[in-house]
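The exercises below each set a task and then work through it in steps. Keep the sequence and the model open while reading.

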Amino acid sequence: MPSPIKRTFLFISFIGILTGLLTGSFLGLVYDLPEINHLKLFKPSSVTTVFSSDNQIITRFYLEKRFPVSIDKIPKSLIDALITTEDRSFFDHSGVNLKAVLRAIVQDIKVGSFKQGASTLTQQLAKTLFLSPEKSIIRKIREAILAVQIERRYTKNEILELYLNLVYLGSGAYGVEAAAKTYFDRSVTDLTLGQAALLAGLPKAPSVYSPLNNPLLAKKRRAIILKQMRLANIISLQAQTLANQEPVSIKPRTTTQSSAPFFVAFLKNNLKLHPGLTSGFSNGLNIYTTLDLKFQTIAQTCVNNQIERLKRRMKKNGVKNPIPEAALVAIDIRTGGILSMVGGTDFNKNQFNRAVQARRQPGSAFKPFVYATALGKGYSQAQTLLDAPLRYAQEQGKTWEVKNFSRNYSGEMTLRKALALSKNTPVVRLLEQIGPKAVIDFAQKAGISSPLHPYLSLALGTAEVSLLELTSAYVPFANKGIQVTPSSIVRITDADGGIVFQNSINRQSIMSRQDAAIMVDMLKAVILEGTGKRAGHIKKDIAGKTGTTDHYKDAYFIGISPQIALGVWVGNDDATTLGRYETGARAALPIWSAYMEAFLKDKPVQYFDIPDGTKMIYIHPGTGKILSQSDSMAVRALIKTKEKP
């Protein structure tokens, strides 16, 4: 038999080994537990709100639909209902309810599985913040350790506030404010007792007790919560009765769509271009955009109305199931802000944004860049070009024949008339004189970012571009020769109102003020004397250019006022014909005119710039010869004071 000394030694050794094992086990449990000292600084994922230029909500972005609120905004009835249901000893325990734990262990032993959790609100918070949802003894112990640490460092109200903003309450709603909006279309501050009790019953099984999914179960669950509150003397019998009589949900399940879905998709892509904003959808940001919600609605209406008229014409021409599409972009001349964007007729059916993603030939809508380049090289709009058949020899014995859309030719005519009537042969001759490279350089400075190739066919708009870049490239004409980069964001603020991002307007002078004014005067001739006469009923200062591609595949009208640049495209997605005579003037201009007329209707009259160094004269549109104002053939034309037509 071992001696007393040996027995003492063995006992001490056993205690040491046991202590070591227990210490090791404890250290193993606490190893890699998250740091909670900075829990106050923790910001849960929240909703980012997108505003229009007049501060109306366009849409919301979120990874988790959550609107954080402070504890003082949460009604006492909701807090009482939650504590009564989930953790009655919340204000008394130190993170773990030992009695509840013992009861849960006994129950688990009886059923032979891990069923009863016995988690306090603090433990639930610890699990939500730091741990996985798996059910295991190890995870429960780690959860309890974290809960005790949280309780030691933070007040009960701080713990409650974080829990109430984090908890998932079904139907995509995270936190009590989001749940109140989802189920009752109101703020959590305005909840009734019945509504508060219903929300308090959701954490146990959010999907099961959601009033949108299972109104009967939600009503039964609410009744249980109210009964518990009554038994705890928190509410009166009368209050319990009245709360039970309330409707379970006052907001029907609806799917809300942004009023500007193509713009919103464009905005999301733009956010990805800014470092630090890629996680913005979950940071509770406020994004203030350039979009004008009133005119966005008008834009979509104008597009839809014209497309319906076009469909009827196409059916008459034998097309069985016509599905023409359209796009529209309106840009603020001064700031470059995108005021309206329509990427198609129905975002739900097709999310392809034809205003941004589509690359189509602009046809004659590209011609102004050729004429603008020529003005920069000293040409006058009163100079003449030859409108006559034109052929170019190509490789392998082929010939490129330049034809006018009208198939007739008028001989010598001014640059002004050639643009107004959208003649092809004069503009190709002009491009040959000044060189394709010069035009490409100008167009790129104006805002065309798509590839442009140095061929004479460039003058006829054969290079594919997007509607957005084409429209923005017209801005310098109306903006005194200054190009402004298009933008969709004005500023972004964080949840506390701090500036996260402030857009800086990117301006660049690309042509003289005089040349810009003369270019506007030439584009006004398109409406006064040429292919854009259908817009002549708008009695404001406007200018623009039609565009039609071969076989009527694409129809454009790109135009300006002193306030905006507005571009419209109409066509089929598969690049098939719209039908005979569906030109830019017929298919696209009606949309442009309807929007522009609505935009200018209640605005003070503004006029395009006529700068020093220019003068208005009267000329013959064909020969460019100076005429008297009283001559019936005379048209007004702006020229530089040093020019001699």
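**Exercise 1. Find the residue with a positive phi just after H14, then describe the burial of H14.**

Step 1. Just after H14, glycine 378 has a positive phi of about 100 degrees. Helices (H or I, at least four residues) and strands (E, at least two) are DSSP runs, numbered from the N terminus. The model is a predicted one, in which local features need pLDDT of at least 70 and side-chain atom pairs count only at pLDDT 80 or more, while totals for chains, interfaces and linings use all residues. Residues are numbered from 1 along each chain as its sequence is written, and side-chain values use heavy atoms, with hydrogens and water left out.

Step 2. Take buried as under 20% relative accessible area, exposed as over 50%, and partly exposed as in between (1.4 Å probe, protein chains only). H14 spans residues 367-376, and 9 of its 10 residues are buried, so the helix is largely enclosed by the rest of the structure.

Step 3. The buried set runs through Lys367, Pro368, Phe369, Val370, Tyr371, Ala372, Thr373, Ala374 and Leu375.

**Exercise 2. Which residues have the most contacts inside the largest nonpolar core?**

Step 1. A nonpolar core is a set of buried Ala, Val, Leu, Ile, Met, Phe, Trp, Tyr and Cys residues joined through side-chain atoms within 4.5 Å. The largest has 83 residues, and Phe369, Tyr371, Phe477 and Ile560 have the most contacts inside it. Helix H20 (residues 513-529) gives the most to this core, with 8 residues.

Step 2. Now list the contacts (heavy atoms within 4.5 Å) of one of these residues. Not counting residues up to four places away in sequence, tyrosine 371 touches Leu385, Leu415, Ala418, Leu419, Val427, Leu430, Met519 and Met522.

Step 3. A second, separate core has 50 residues, including Val47, Leu78, Leu169 and Ala178. Leu78 is also among the buried residues of H2. Of the 11 residues of H2 (residues 76-86), 9 are buried, so this helix too is largely enclosed by the rest of the structure.

**Exercise 3. What are the pairing partners of strand E18, and how are its faces covered?**

Step 1. Two strands pair if DSSP finds at least two bridges between them. E6 (residues 325-332) pairs with E18 in the antiparallel sense over 8 bridges. E17 (residues 554-560) is also antiparallel to E18, over 7 bridges.

Step 2. Check the register at glycine 571 of E18. Glutamate 325 stands opposite this glycine, and the glycine is also the bridge partner of aspartate 554.

Step 3. In a regular strand the side chains alternate between the two faces of the sheet. On one side of E18, Ile564, Leu566, Val568 and Val570 are buried, and on the other Ala565, Gly567, Trp569 and Gly571 are buried. The count for the strand (residues 564-571) is 8 of 8 residues buried.

**Exercise 4. Where is proline 562 placed, and is the residue buried or exposed?**

Step 1. E17 and E18 form a hairpin with 3 residues between them, and proline 562 is in that loop between E17 and E18.

Step 2. The relative accessible area of proline 562 is 16%, so the residue counts as buried.

Step 3. Leaving aside neighbours within four places in sequence, proline 562 contacts Ile333, Asp541, Gln606, Tyr607 and Phe608. Phenylalanine 608 is 46 residues away along the chain, with 5.4 Å between the two C-alpha atoms.

Step 4. Proline 562 also lines the largest cavity, along with Lys540, Asp541, Ser561, Gln563, Leu600, Lys603, Pro604, Val605 and Gln606.

**Exercise 5. Which residues other than glycine take a positive phi in the loops at asparagine 55 and asparagine 233?**

Step 1. Most residues other than glycine have a negative phi.

Step 2. Asparagine 55 has a positive phi near 65 degrees and is in the loop between strand E1 (48-51) and strand E2 (57-61).

Step 3. Asparagine 233 has a positive phi near 60 degrees and is in the loop between helix H10 (215-231) and helix H11 (237-244). Its relative accessibility is 63%, so asparagine 233 counts as exposed.

Terms used
On a 1 Å grid over the protein atoms alone, a cavity is a set of points where a 1.4 Å probe fits but cannot get out, and a pocket is an open set with protein on both sides within 12 Å along at least five of seven lines; lining residues have an atom within 4 Å of a point.
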